[in-house]
Amino acid sequence: MKAAVFHAPGDVRIETVAEPSPPGPGDLLIKVTKAAVCGTDSAEWDHGPLLARPPVVLGHEFTGEVVAAGPENSGFPAGARVVSGAGISCGRCEWCAAGRTNLCASYQTLGLHRDGGLAELVLSPASICRAVPDGLDDVGAAMAQPLAVALHAARRGRVGPGRSCAVIGAGGIGAFIVAAAAALGATPLIAVDIAEGRLGTAAALGATHTVNAERQDAARTVQAITGHEGAHVVIEASGAPASPAVTLTMVRRGGDVVIVGLQPRPSQIDLFSVSSREVGLHGTLAHVCADDLGEAVSLLARTSLARTVLGDVIPLADLVERGLRPLAERKANGKIVVDVQGSA
Ligand SMILES: [Zn+2]
Ligand SMILES: [Zn+2]
């Protein structure tokens, strides 16, 4: 079968590899229809391996049809359309017992630690898969995993009705976070970015206000929109080095800051402000299938979110030049989805 194999920095090859072994207990063999790519994939290609253990088939955002189920099947018949979560957890450790499966002591991610979905076939545990309703097409379903990540990040900051929210960085995962925060009832919902195109997308996804940080003082504007108290929740999704410090100028007393964007180096922030104003400072990692994946599927099925964020649908053969490279160079416009079965 054809697969996108990550070998080394700058070396992702579309090549013919052996098909996965028959599904073991609890596993599904899935014929992948569409797989989306994100900054995690492009970072591995550009300057990895970071988390990946090459050689490995990339792809942690994918949807497809069940070809075969192993013993102890969970009710997905052959032909069923499914989305898969990305992380495999043990179900037995302290974190799994607490429902925090994304922090599992032996967490493994498809497409990084095990062969993923940028391939014609992939094995995934049925326990991390969810059915795709008829009203949701494959391109939309391929976005369920990143939307689940966004829902998890928003929940880490206790986004909800009656709470204002500012999202810094409205491209990539930030666009999904704006959509997730809107779905969870955040208002006002303020998107901060430096690109008008991304701010336009954020408005279409439910942002009530957009702030161009190149033209406006972003912190002052967020203060003005929130009655000069600051936002209840500030979510940093840009990864820009100066951005974590800015979050503390936007968040109100007793509010929550969530750091989503991965910082390449230690970052200076005003911890006096964190202590004296009881700001909650939260990390966030991946998603919890049980909490986030089904909700992501239903949100995609009932809204135009996928159409709004979609940038390009490309064949697998073009993964590097039209997928990983524009993502790494921050030139990608919208979400890139790979038509895994389509011929180039
Ligand atoms: Zn991703
Ligand atoms: Zn575990």
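Biologist: What spacing do the donors of the zinc ion (ligand 1) follow along the chain?

Modeller: In this predicted model, the spacing is C-x21-H-E. Two of the donors, Cys38 and Glu61, sit 23 residues apart and link distant parts of the chain. Cys38 is in the loop between β3 (27-37) and α1 (39-47). Glu61 belongs to strand β5, residues 61-69.

Biologist: What makes Cys38, His60 and Glu61 the protein donors of the zinc ion (ligand 1)?

Modeller: Distance. A donor is an N, O or S atom within 2.8 Å of the metal. The SG of Cys38, the NE2 of His60 and an OE of Glu61 lie 2.0 to 2.2 Å from the zinc ion (ligand 1). These atoms therefore pass the cut-off. One caution applies: water is not among the atoms, so a site may look incomplete.

Biologist: Why is Cys38 called buried?

Modeller: Its relative accessible area is 14%. Buried means under 20%, so Cys38 qualifies.

Biologist: And Glu61, buried or exposed?

Modeller: Buried. Glu61 has 2% relative accessibility, and the limit is under 20%.

Biologist: Now the other zinc. Which residues are the protein donors of the zinc ion (ligand 2)?

Modeller: Cys90, Cys93, Cys96 and Cys104, each through SG. They lie 2.3 to 2.4 Å from the zinc ion (ligand 2). Their spacing along the chain is C-x2-C-x2-C-x7-C.

Biologist: Why is the site of the zinc ion (ligand 2) called tetrahedral?

Modeller: Four donors count as tetrahedral if all angles lie between 85 and 135 degrees. Here the angles among the four donor atoms run from 102 to 116°. The site therefore meets the test. For reference, the ideal angle for four tetrahedral donors is 109.5 degrees.

Biologist: What is the accessibility class of Cys90?

Modeller: Partly exposed. Cys90 has 22% relative accessibility. Buried needs under 20% and exposed needs over 50%, so Cys90 falls in between.

Biologist: What about Cys93, buried or exposed?

Modeller: Buried. The relative accessible area of Cys93 is 13%, and the limit is under 20%.

Biologist: How many disulfides does the structure hold?

Modeller: Zero. A disulfide needs a pair of cysteine sulfur atoms within 2.5 Å, and the structure has no such pair.

Biologist: Turning to the backbone, what is the peptide bond from Gly48 to Pro49?

Modeller: It is cis, with omega near 0°. Pro49 is in the loop between α1 and β4 (56-57). Another cis peptide bond joins Thr187 and Pro188, with omega about -10°. Pro188 lies in the loop between α5 (173-183) and β12 (189-193).

Biologist: What is the phi of His228?

Modeller: Near 60°, a positive value in a residue other than glycine. His228 is in the loop between α7 (218-225) and β14 (231-236). Its relative accessible area is 60%. The exposed class begins over 50%, so His228 is exposed.

Biologist: And what is the phi of Glu278?

Modeller: About 50°, positive although Glu278 is not a glycine. Glu278 lies in the loop between α9 (271-276) and β16 (280-283). At 66% relative accessibility, Glu278 is exposed.

Biologist: Where is Gly85, and is it buried or exposed?

Modeller: Gly85 is in the loop between β6 (81-84) and β7. It is buried, with a relative accessible area of 0%. Its C-alpha is 9.7 Å from that of Gly294, 209 residues apart along the chain.

Biologist: What separates the C-alpha atoms of Ala148 and Asp292?

Modeller: A distance of 4.8 Å, with the two positions 144 residues apart along the chain. Ala148 is in helix α4, residues 144-156. It is buried at 0% relative accessible area.

Biologist: How many residues line the second largest pocket?

Modeller: There are 17, and Gly87, Ser89, Pro125, Ser127 and Ile128 lie nearest the centre. The pocket volume is about 270 Å³. β7 (87-88) and α10 (289-302) each supply at least two lining residues.

Biologist: What classes make up the lining of the second largest pocket?

Modeller: Eight nonpolar, six polar and three charged residues. Gly counts as polar and Pro as nonpolar. Gly87 is therefore polar here, and Pro125 nonpolar.

Note on methods: Residues numbered from 1 in each chain as written. Chains lettered and ligands numbered in written order. Predicted model: local features only at pLDDT ≥ 70, side-chain atom pairs only at ≥ 80, totals over all residues. Heavy atoms only, no water. 1 Å grid on protein atoms, 1.4 Å probe; cavity = no way out; pocket = protein on both sides within 12 Å on 5 of 7 lines; lining within 4 Å. Points joined across faces, edges and corners; volume = space filled by probe spheres on them. Helix = DSSP H or I, 4+ residues; strand = E, 2+ residues; numbered from the N terminus. Donors = N, O, S within 2.8 Å, 3.2 Å for Na, K, Ca; no water. Buried < 20%, exposed > 50% of the residue type's maximum accessible area, 1.4 Å probe, protein only. Tetrahedral: all angles 85-135°; square planar, octahedral: opposite > 155°, others 65-115°.
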